[in-house]
Amino acid sequence: MRRSLAILTVLTSGALTAGAVAVLAPGANAATTLGAAAAEKGRYFGTAVAAYKLSDPVYSGILDREFTSVTPENEMKWDATEPTQGTFTFTSADTIVNRAIANGQKVRGHALAWHSQQPGWAQNLSGTALRNAMVNHVTRVATHYRGKIDSWDVVNEAFADGSTGARRDSNLQRTGNDWIEVAFRAARAADPAAKLCYNDYNTDGQNAKSNAVYAMVSDFKARGVPIDCVGFQSHFNAQSPLPSDYQANLQRFADLGLDVQITELDIEGSGTTQANTYAAATRACLAVTRCNGITVWGIRDTDSWRASGTPLLFDGNGNPKAAYTAVLNTLGGTTTSPSPSQSSASPSPSVSQPPGTRSCAATVAINAWTGGFVATVKVTAGATALTGWTAAVTLPSGSAVTNTWNATASGSTATVSFTNVGYNGPVPAAGTTEFGFQGTGPAPSTTATCTAR
Ligand code: XIL
């Protein structure tokens, strides 16, 4: 995204003393969400999103807390966006895209040209009529989202599985071998700022299929066909395990002079085995400088297209799994829960810590645009651990809070008090936690008052 946003940060009342900063424990400022941890590594952490689930507060709560990129799971596909030839329906995809932008999340567009999930009318076309329809589709959809998409999957799954290294047979392929580069040129013309990706599965390790993609990408680079990235879907299970040369394969594509992205990661399994595989996949991306980020293909196991394989990072209740912790830790982040030893070493504050010794500060960062804003508030404990906190933010008249994450808001206008939720009330001495809120109207004052408990 090339949109410029006003970023304001201010350290407000209850500012820490230099002494409090000096006692920061190693890792005390470690990120506590996938998105924040990935950001510290210069990467995004994304998920596939289904528009119809956004009204589920558990789903949208995890989405906004953990993820910094979204991919519409089905809403941008050809059948969804052009159900009748020449008639475009963007409602569901727009819902996802506009919500993501309001929350400061990137958007991966998926997918402009693909043999699957075509509308019936396209399935029945061939030759020049299909080629023209494909170019028109790429142009119209990419134009509609011009300036809003970080990366587009321009062409999806165009190569055959197995040892032939051939193109997959499809109606699009039968219009001529050049259909892929024609699609990329049309996408570049429609949205010059978006990164343009080729995306596929079973290309995660070095094999005949990935070699064929590699040859195509090398040829595109040599001939100046516009391509910026290669997406590796990374749907792993017992039949298709994480390849041992995953990192090397990502690296050889990056060495062609383009970006690589893990675009649809899911790993069937459970427990430690699944967690270790997720950690290994995460490490591979971190080890490749031009690996921009990781997208998992859904939030909770029950959201997965392969739900029976429980392949995602959150269980059906929205609780983080061992795989979640493994990914977070691999990204350099940490969960907020105090360890059992810390808990026993710090008995109930009503016994050992007079309330008056606790203090906190709040830093407010605002992303504002015409008509709305997202505020991210970082609460930092003073020299004594907190059991809870409240941060009060004053909104200008005409502004209202519409959505809050990682805190509970009292009221929505004027001075709004945000109080910790259960899991983020305890903050270790000099530690931090973050919450956020979204609103309509002018951006609020960056002045916040932090009250410690
Ligand atoms: C899947 C979706 O998750 C399902 O909801 C839908 O029924 C079928 O498509 N490769 C891709 C994705 O590029 O678009 C697919 O998504 C999964 C495989």
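Visitor: Why are strand 3 and strand 4 (residues 106-114) said to pair?

Guide: Happy to walk you through this predicted model. Two strands count as paired if DSSP finds at least two bridges between them. Strand 3 and strand 4 have two bridges, in the parallel sense, so they qualify as a pair. One of the partnerships joins V70 to V107 in strand 4.

Visitor: What makes strand 2 (residues 44-49) and strand 3 a pair?

Guide: The test is again at least two bridges. Here there are four, also parallel, so strands 2 and 3 pair. In this arrangement V49 sits opposite P72 of strand 3. Between the two strands the chain passes through helix 3 (residues 57-66), making a right-handed β-α-β crossover.

Visitor: Which residues of strand 3 (residues 69-72) point which way, and are they buried or exposed?

Guide: S69 and T71 point one way, V70 and P72 the other, and all are buried. Buried means under 20% relative accessible area. As a rule, side chains in a regular strand alternate between the two faces of the sheet.

Visitor: How do you know that N156, E157 and W297 make polar contacts with the ligand?

Guide: The cut-off is a pair of N or O atoms within 3.5 Å. A polar side-chain atom of N156 lies 2.9 Å from a ligand oxygen atom, and one of W297 lies 2.9 Å from a ligand oxygen atom too. For E157 the distance is 3.2 Å, to a ligand nitrogen atom. These values fall within the limit, so they count as polar contacts.

Visitor: How many residues surround the ligand?

Guide: There are 13, and the closest are E73, K77, H110, E264 and W297. By class, three are nonpolar, six polar and four charged.

Conventions. Residues numbered from 1 in each chain as written. Predicted model: local features only at pLDDT ≥ 70, side-chain atom pairs only at ≥ 80, totals over all residues. Heavy atoms only, no water. Buried < 20%, exposed > 50% of the residue type's maximum accessible area, 1.4 Å probe, protein only. Right-handed = clockwise from strand over helix to strand, strands pointing away. Near = heavy atom within 4 Å. Polar contact = N/O pair within 3.5 Å; in protein donor to acceptor, adjacent residues only side chain to side chain. Nonpolar A, V, L, I, M, F, W, Y, C, P; charged D, E, K, R; others polar.
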